[in-house]
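Trainee: I have a structure open and want to talk through some of its helices and charged residues. Can we go step by step?

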Amino acid sequence: MSVSVDPTFVKPGQTQPAQALRPHAEHAFADELAALAAQDDRPRPARWKLSPWAVATYLLGGTLPDGTAITPKYVGPRRIVEVAVSTLATDRALLLLGVPGTAKTWVSEHLAAAVSGDSTLLVQGTAGTPEEAIRYGWNYAQLLAHGPSPDALVPSPVMRAMGEGTTVRVEELTRVPADVQDTLITILSEKTLPIPELGQEVQAVRGFNLIATANDRDRGVNELSSALRRRFNTVVLPLPASVDAEVDIVARRVDQIGRSLELPAVPHGVDEIRRVVTVFRELRDGVTGDGRTKLKSPSGTLSTAEAISVVTGGLALAAHFGDGVLRPGDLAAGILGAVVRDPAADRVVWQEYLETVLRERDGWGDFYRACREVSE
């Protein structure tokens, strides 16, 4: 027996259905954006929904004069956000660069939501991204029937953003083939997109800008040409500077994800989050937190995003198959999966860390036993 399900189609910018698994930023934080707009009396660049100061406040969090609390979307150096926002207020595009899991996509989405009120103009970069994804394509039925015409043209997100004066996002730019990357050069330098088939061009209106993200571990995959790189102002997003900062980030995101998935609240989770973050940081840095013991690092990145995934999975186990309290046994399998990506080399690294560090660490006996049990 087959069951048909009618999908709910939503055009970009429209209100999303209540059952959306992951609402876009402009919908998830609509109340905060509205509160900021209502109290924002600072100058706004053309077609911006908020002033640069309000955009930075939306990203970094704060309390408005009327007492409205704005939750932090990014926990990190304030200057990084200020530079990113001020770049978007100029005619230079913004490139967010960093190792995997440093919130590049998250920051780009929230920047677009705060600046333009729409984060859905998006080009997802892959090895197969065609030139049409950045420039334009054609409705081939119209093209064959009537030839090249404005009605047959299918605008890309970049073309739409140019015409509307809004922000467009290009994710994983360095995964895009080099010849396709270079289609951005004229767009970013001349602010023009030629359409030779029609003898026309699209000129960007004020308010248009582009945010790209790139993983700095992808160097050598499809490196940006020097001509294209010059069109960007590059902002490097670092890993969290301290354990406390990373624990705060993980706890906030896990809470948000848990509420969106309607997971039952699990008490006393911060201590276990700190353990996960500590393990990831030590293996990532190649040294224990006290600096006394050198460690081998596994092949994976062990990023903040992966810590969030491990803890979220642990919460689901604790809520649905445990006693409602997050325990080491709920996290051990997730940690093993994150650390051991290469079954041969990474398993040796993990076993050595278990026996030389976790086994000897005071107060970590339950954590060590849970991790050892799933590792055998």
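Mentor: We will take one helix, then some salt bridges, then two charged residues in another helix. Keep in mind that this is a predicted model.

Trainee: Fine. How many residues does α15 have, and how far does it reach?
Mentor: Helix α15 covers residues 345-356, which is 12 residues. From its first C-alpha to its last it reaches 17 Å, close to the 16 Å expected at 1.5 Å a residue.

Trainee: Which residues of α15 are buried?
Mentor: D346, V349, W350, Y353 and L354. Viewed down the axis of α15, the buried residues fall within an arc of 130°, so they line one face of the helix.

Trainee: And what do the buried residues of α15 pack against?
Mentor: Three helices: α12 (270-285), α14 (328-339) and α16 (365-375).

Trainee: Where does E352 of α15 come in, and what is its salt bridge partner?
Mentor: The side chain of E352 meets that of K296 in a salt bridge, at 3.7 Å from N to O. That pair links distant parts of the chain, since K296 sits in the loop between α12 and α13 (304-321) and E352 in helix α15, 56 residues apart.

Trainee: Is E352 buried or exposed?
Mentor: Neither; E352 is partly exposed, with a relative accessible area of 32%. K296 is partly exposed too, at 47%.

Trainee: Change of topic. How many salt bridges are there?
Mentor: The count comes to 22. In general, side chains of opposite charge can pair when their charged atoms come close.

Trainee: Give me another that links distant parts of the chain. What does E306 pair with?
Mentor: E306 forms a salt bridge with R341, at 2.6 Å from N to O. E306 belongs to helix α13 and R341 to the loop between α14 and α15, 35 residues apart in the chain.

Trainee: How do E306 and R341 compare in accessibility?
Mentor: E306 has 14% relative accessibility and therefore counts as buried. R341 is at 46%, so R341 counts as partly exposed.

Trainee: Which residues are joined into a network by shared partners?
Mentor: R78, R79 and E82 are joined into one network by salt bridges that share partners.

Trainee: What about E131, which residue does it bridge to?
Mentor: E131 forms a salt bridge with R135, and the closest N and O atoms are 2.9 Å apart. R135 counts as buried because its relative accessibility is 18%, below the 20% cut-off. E131, at 35%, counts as partly exposed.

Trainee: Now K104. Where is it?
Mentor: K104 is in helix α5. K104 is buried yet has no salt bridge.

Trainee: What is the nearest side chain of opposite charge to K104?
Mentor: E172, which is 5.6 Å away. A salt bridge needs nitrogen and carboxyl oxygen within 4 Å, so that distance falls outside the cut-off.

Trainee: Then what lies around K104?
Mentor: A polar atom of the K104 side chain lies 3.3 Å from the backbone oxygen of G98. Not counting residues up to four places away in sequence, K104 touches L96, L97, G98, V99, T213, A214, N215 and L237.

Trainee: And E109, which helix is that in?
Mentor: E109 lies in α5 (residues 104-116). At 4% relative accessibility, E109 counts as buried.

Trainee: What is E109 in contact with?
Mentor: Leaving aside neighbours within four places in sequence, E109 is in contact with R22, P23, H24, A25, S119 and R169.

Methods:
Residues are numbered from 1 along each chain as its sequence is written. This is a predicted model: local features need pLDDT of at least 70, side-chain atom pairs count only at pLDDT 80 or more; totals for chains, interfaces and linings use all residues. Side-chain values use heavy atoms; hydrogens and water are left out. Helices (H or I, at least four residues) and strands (E, at least two) are DSSP runs, numbered from the N terminus. The expected span of a helix is 1.5 Å times one less than its number of residues. Buried means under 20% relative accessible area, exposed over 50%, partly exposed in between (1.4 Å probe, protein chains only). The arc is that of the directions from the helix axis to the C-beta atoms. Contact means heavy atoms within 4.5 Å. Lys and Arg count as positive and Asp and Glu as negative; His and the chain ends are not counted. A polar contact is a pair of N or O atoms within 3.5 Å; within protein, one must be able to donate a hydrogen and the other to accept it, and residues adjacent in sequence count only if both atoms are side-chain atoms.
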